[in-house]
Amino acid sequence: MYGKIAELCLRVLGNMSINQDGKQECIDNNVIARSYDFLQASREHSYDDSLNASLILMSCSIHLEGKNQIVDNVGKQGNPLII
């Protein structure tokens, strides 16, 4: 059940991030960082989850602050995780 709820939430956030107001709301609430967890398909996350997460990232990356959030998300070695 968790997988289906996650898929639907990602789809809603992806649709919301298409327009400017929704994009700003996603950026304000750090949706980029949370959706990154779904970017890689694994046992817990399906291919559709990865597609929906990439839609969110692509939509939010159009906004300057969204670009900054993507680049600022770094791993243990100091390298950007999402790019």
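## Exercises on a five-helix model

The protein exposes about 5,500 Å², of which carbon and sulfur atoms supply 57%. The model is predicted.

**Exercise 1.** State which elements the protein has and in what order they run.

Solution. Counting the elements gives 5 helices and 0 strands. Read from the N terminus on, the order is α-α-α-α-α.

**Exercise 2.** Check the radius of gyration of the protein against that of a compact globule.

Solution. Start from the chain length: for 83 residues, a compact globule would have a radius of gyration near 12 Å. The protein has 12 Å, so the two agree. The C-alpha trace spans about 35 × 35 × 15 Å along its principal axes. Of the 83 residues, 35% are buried.

**Exercise 3.** Compare the reach of helix 4 with the expected span, then find what covers its buried residues.

Solution. Helix 4 covers residues 47-60, which is 14 residues. At 1.5 Å a residue, 20 Å is expected from first C-alpha to last, and the helix reaches 20 Å, close to that value. Its buried residues are D49, S50, N52, A53, I56, L57, S59 and C60. The cover over them includes helix 1 (2-16), helix 2 (20-28), helix 3 (31-36) and helix 5 (64-72).

**Exercise 4.** List the residues of the largest nonpolar core and identify the helix that gives the most to it.

Solution. The core has 12 residues: A6, L10, C26, I27, V31, I32, F38, A53, I56, L57, C60 and I70. Helix 1, helix 2, helix 3 and helix 4 each supply at least two of them. Helix 4 gives the most, with 4 residues.

Technical notes
Residues are numbered from 1 along each chain as its sequence is written. This is a predicted model: local features need pLDDT of at least 70, side-chain atom pairs count only at pLDDT 80 or more; totals for chains, interfaces and linings use all residues. Side-chain values use heavy atoms; hydrogens and water are left out. Helices (H or I, at least four residues) and strands (E, at least two) are DSSP runs, numbered from the N terminus. The expected span of a helix is 1.5 Å times one less than its number of residues. Buried means under 20% relative accessible area, exposed over 50%, partly exposed in between (1.4 Å probe, protein chains only). Contact means heavy atoms within 4.5 Å. A nonpolar core is a set of buried Ala, Val, Leu, Ile, Met, Phe, Trp, Tyr and Cys residues joined through side-chain atoms within 4.5 Å. The radius of gyration is taken over C-alpha atoms; the globule rule is 2.2 Å times the number of residues to the power 0.38. Accessible areas come from the Shrake-Rupley method with a 1.4 Å probe; for residues, only the protein chains shown count as cover.
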